[in-house]
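Subject: Structure handover

Hello,

Here is the structure I said I would pass on. Please look it over before reading the notes underneath.

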Amino acid sequence: MENFIKSNDLKRRVLVVDDELINREILGNILATTYEVVYAEDGAHALELLKDRNVRYSLILLDLLMPNMDGFEFLTMCKSDERLKSVPVIVMTSEKDAEVKSIKMGAADFITKPYDMPEVILARVERIIELSENTSIIKHAEKDTLTGLYSKDFFFEYIRQIEAYDPNKSTDAIVINVEHFHLINEIYGRGEGDSVLIQIADLILETLKSIHGIACRTDADTFYVYSRHTNNPEEIINQISADLTRAFKDHPIRIRAGVYENVDKDVIPENRYDRAKMACDRIRDDYTHMVSYYNKELHEKSIYFEKLIHDIDSAIENKDFVVYFQPKYGIQQGRYKLRSAEALIRWKHPEMGMISPGDFIPLFESNGLIQKVDNYVWCEAARTIKQWKDKYNITVPVSVNVSRIDIYDPNLENNLINILDSNGLTPNEYMLEITESAYSDNADRLIEVINNMRAKGFKIEMDDFGSGYSSLNMLTTIPIDVLKMDMKFVKNMLNDSKSLKLVTLVMDIAKFLNVPVVAEGVESKEQLDTLHEMGCEIIQGFYFSRPVPAEEFEAFIQKEVELRKEEA
Ligand code: C2E
Ligand code: MG
Ligand code: MG
């Protein structure tokens, strides 16, 4: 703290509250070289000054005997105000009784009148300020043990304190992330991953010397930088990137950064970094950009996101979320046979109309709200299977999407079992789709969960296979029942020989694992026929149907029931 204040020529601010001009002048003379001193003539005037949220005071020196509002009344009001109560108050008095009373009321210390020697007053003021800053900062663990950068909590607290002295100076919020960091851990080992992080932290610290700032590390591979506004954040990031390339010659490390420039000081520090992170996320996997800025477009998007987050509970309550079903057909048994369905959520928003899952699922995954949505879908899916079963006397198993966040929920299994129980269903009537990218997050936890679920009878489908980065090694250790091939292979397979080769490869992997393949995104007869020839068993796609509401889906069940009757 001290370093930052000194290197930025900042002065802490002290409020002197005294009705006598001569006292204000004496204190002003003692304090003005070290502090920025602001004066108030009585309690009411002082409260007026303290109302300004943009100006933070490090300490209040308070006279007790004043007209209008005296020191005791002022102290009572201050200590009952959430924002002001942490500002330490030193009372100035000549009476012993008043000293005790004010300390009981929350004053931090007292100075006797007539005044002591100037050095004594200055020392007391310094000590109380230091004590108060340390206690608020000590609450948060200071350092990240791996890199020596600050911890996130400490970092945010630090920003608040810095801005208490200097609320109006332009600053930038920068988020730096290592692209596919988990792959570095996986391929080169954790030790190498750690040394990449340490190296980045060192480079950031080096940079901070010239741009006057502080930094922390969070979520393993993400760094937050707080600095004076610079006109060349790109230069800084380029420099760090070039140094990294030099340091790790045998495997390239790619970083990307999101910058929220000239931050709005009314936005709390945590939210400023959410904004910078949003900019950073926008260029994930975009190899043409290393730096992205928070701009008007992202601002509008963040407002839209806030609205979605705000509306989620009422959407669940009012059933604005609607579950659609898309059929999956078996294609290798002479005729196209209805095998199952996938439950896919839609949001019929009362003001904004139909919202597709692509717009809100990633958002809710990023903040954990996905669990509410998934739970809703799981219940609706179970209720629908039961309804169809009662009406048509056949089970159409439904697969539901399980987000990677759900995997970490220790109640996942119980929750699903309860949902099935309350609808009189068993796990073999229900399938779980887990997207491939979840597999690379925390493979150990995932294996444990999947083993438990399979032991209970659930079937597990690996969704969007080919979009993530799971290694063959991981595939062979993670038990799955079905591979769902990523849609992009099917989309391009007829006009691009590379995609066709990849489809062949997926088929081979599935054969090796001894599991069937579901091809998603099948839109044409040509695609279907090609996949049929290649031995693909199950097809899901617009060729058969788009996802439709449960009532509409019944047409497929009716047809299937009729065909089965004819075959019997
Ligand atoms: P997904 O699980 O891979 O679902 C398949 C997506 O492909 C669906 O998009 C479906 O409408 C679309 N699709 C199916 N056949 C075709 C086709 O022939 N052509 C084209 N172009 N698209 C086809 P949708 O419904 O927009 O869902 C997108 C993603 O959102 C899903 O991908 C899934 O990851 C997620 N999602 C949807 N519902 C839920 C849910 O209830 N929970 C969770 N966690 N995620 C969900
Ligand atoms: Mg799916
Ligand atoms: Mg999929």
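The notes below cover a metal site and then a cavity.

Please keep in mind that this is a predicted model.

Metal site

The magnesium ion (ligand 3) is held by three residues: Asp463 and Asp464 each coordinate through OD, and Glu520 through OE. The distances run from 2.1 to 2.3 Å. Along the sequence, the donors follow the spacing D-D-x55-E.

Asp463 also has a second role, as a bridge between the magnesium ion (ligand 3) and the magnesium ion (ligand 2). These two ions lie 4.0 Å apart.

Are the two aspartates buried or exposed? Asp463 has a relative accessibility of 5%, so this residue counts as buried, the cut-off being under 20%. Asp464 has a relative accessible area of 23% and is therefore partly exposed, a class that lies between the 20% and 50% cut-offs.

Cavity

The model has three cavities of 30 Å³ or more. I looked at the second largest cavity, which has a volume of about 60 Å³. Its lining consists of Ile174, Ile176, Ile204, Thr207, Leu208, Ile211, Val225, Ile236, Ile237 and Ile240. Strand 6 (171-178), helix 9 (190-211) and helix 10 (233-247) are the elements that supply two or more residues to this lining. Helix 9 gives the most, with four residues.

What is the character of the residues in the lining of the second largest cavity? Nine are nonpolar, one is polar and none is charged.

Regards

Definitions and conventions: Residues are numbered from 1 along each chain as its sequence is written. Chains are lettered from A and ligands numbered from 1 in the order in which they are written. This is a predicted model: local features need pLDDT of at least 70, side-chain atom pairs count only at pLDDT 80 or more; totals for chains, interfaces and linings use all residues. Side-chain values use heavy atoms; hydrogens and water are left out. Donors are N, O and S atoms within 2.8 Å of the metal (3.2 Å for Na, K and Ca); water is not among the atoms, so sites may look incomplete. Buried means under 20% relative accessible area, exposed over 50%, partly exposed in between (1.4 Å probe, protein chains only). On a 1 Å grid over the protein atoms alone, a cavity is a set of points where a 1.4 Å probe fits but cannot get out, and a pocket is an open set with protein on both sides within 12 Å along at least five of seven lines; lining residues have an atom within 4 Å of a point. Grid points are joined across faces, edges and corners, and a volume is the space filled by probe spheres set on the points. Ala, Val, Leu, Ile, Met, Phe, Trp, Tyr, Cys and Pro count as nonpolar, Asp, Glu, Lys and Arg as charged, and the others, Gly among them, as polar.
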